[in-house]
Amino acid sequence: MSDQTMINKMLDARILFLGPPGSGKGTQCKHLHAELGLPHLSTGDILRHGIEEGKPACLQAKSYIDKGNLVPDNLITSIFKERFMMPDCGHGFILDGYPRTVPQAESLDGMLKELRLPLTCVFYLMVDDQLIIERTTGRLSCSNSKCGAVYHIKNSPPQVAGICDVCGSVLKQRSDDNVEIVTERLKVYKEQTAPVIQYYRDKGVLQEINGARSQEEIYTDLIGGIRSCATAGGR
Ligand code: AMP
């Protein structure tokens, strides 16, 4: 395969990220989006933007998000599908936060089969509970949803406290990033999302990545993983 063919395959990759809240999925997806130009579909971001904009379906989801619970499958699948069917997802994309239950994974499989767009790679970012609590409770996000830059109060603070380096907007803490709600999100993750990891492991497509390292080390592994899947012709 020529270098150009491989680059083209990487630019068309269909990537799925799995991992607990705070495992660094969003950060890595943003880097990959910037590097490969693939649309980044984060259901968490889609819901938060939709709530800000007063979209009825997203407002319906708010009470679940506020409690750290999952939004019901039929509601989240219709919200996801609306975004997924937009023309920019016709070739490659990065999925972050969907699917989170086995029925969602089965719905996604059905959509991808119909569109003849099989996933290129599935990454599972592994991080232990203690690090998750530390990362999520110190996380700060830009209040400008078009910017979406993310910081950590200790590990990657902004240059000026409380202000986004990128766009100058005020930084805020997500309402579901406090210890109580994160603990609930972790419980829900173990009960409902861990089986999705097994679902993709059983299909033989899962790549397990140690998410407790530096962003750069993880990113290098991800690019290597995408390159090898692209070389293998996708799955
Ligand atoms: P995230 O930003 O990915 O941590 O998502 C924030 C919240 O949005 C989650 O705690 C859920 O309440 C909701 N959510 C996001 N994606 C899904 C999904 N695929 N299924 C159900 N709920 C979701």
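**Salt bridges around D176 and the packing of helix 4**

In this predicted model, the side chains of R185 and D176 are joined by a salt bridge, with an N to O distance of 3.8 Å. Both partners, R185 and D176, are buried. D176 also forms a salt bridge with R174, for which the closest N and O atoms lie 3.0 Å apart; R174 is buried, as is D176. These pairs belong to a network of salt bridges that links R139, R174, D176, D177 and R185. Across the whole structure, 13 salt bridges are found.

A further salt bridge connects the side chains of R213 and D221, at 2.8 Å from N to O. R213 is partly exposed, its relative accessible area being 25%. D221 is likewise partly exposed, with a relative accessible area of 34%. Neither residue counts as buried, because that term requires a relative accessible area under 20%.

Helix 4 comprises residues 56–67, and within this helix C58, A61 and I65 are buried. These three residues cover an arc of only 60° around the axis and therefore lie on the same side of helix 4. The cover over the buried residues of helix 4 includes helix 3 (43–52) and helix 5 (73–84). On the face turned away from the buried side, helix 4 carries the exposed residues P56 and Q60. Helix 4 is followed by G68, which has a positive phi, near 85°.

Terms used. Residues are numbered from 1 along each chain as its sequence is written. This is a predicted model: local features need pLDDT of at least 70, side-chain atom pairs count only at pLDDT 80 or more; totals for chains, interfaces and linings use all residues. Side-chain values use heavy atoms; hydrogens and water are left out. Buried means under 20% relative accessible area, exposed over 50%, partly exposed in between (1.4 Å probe, protein chains only). Helices (H or I, at least four residues) and strands (E, at least two) are DSSP runs, numbered from the N terminus. The arc is that of the directions from the helix axis to the C-beta atoms. Contact means heavy atoms within 4.5 Å. A salt bridge is a side-chain nitrogen of Lys or Arg within 4 Å of a carboxyl oxygen of Asp or Glu.
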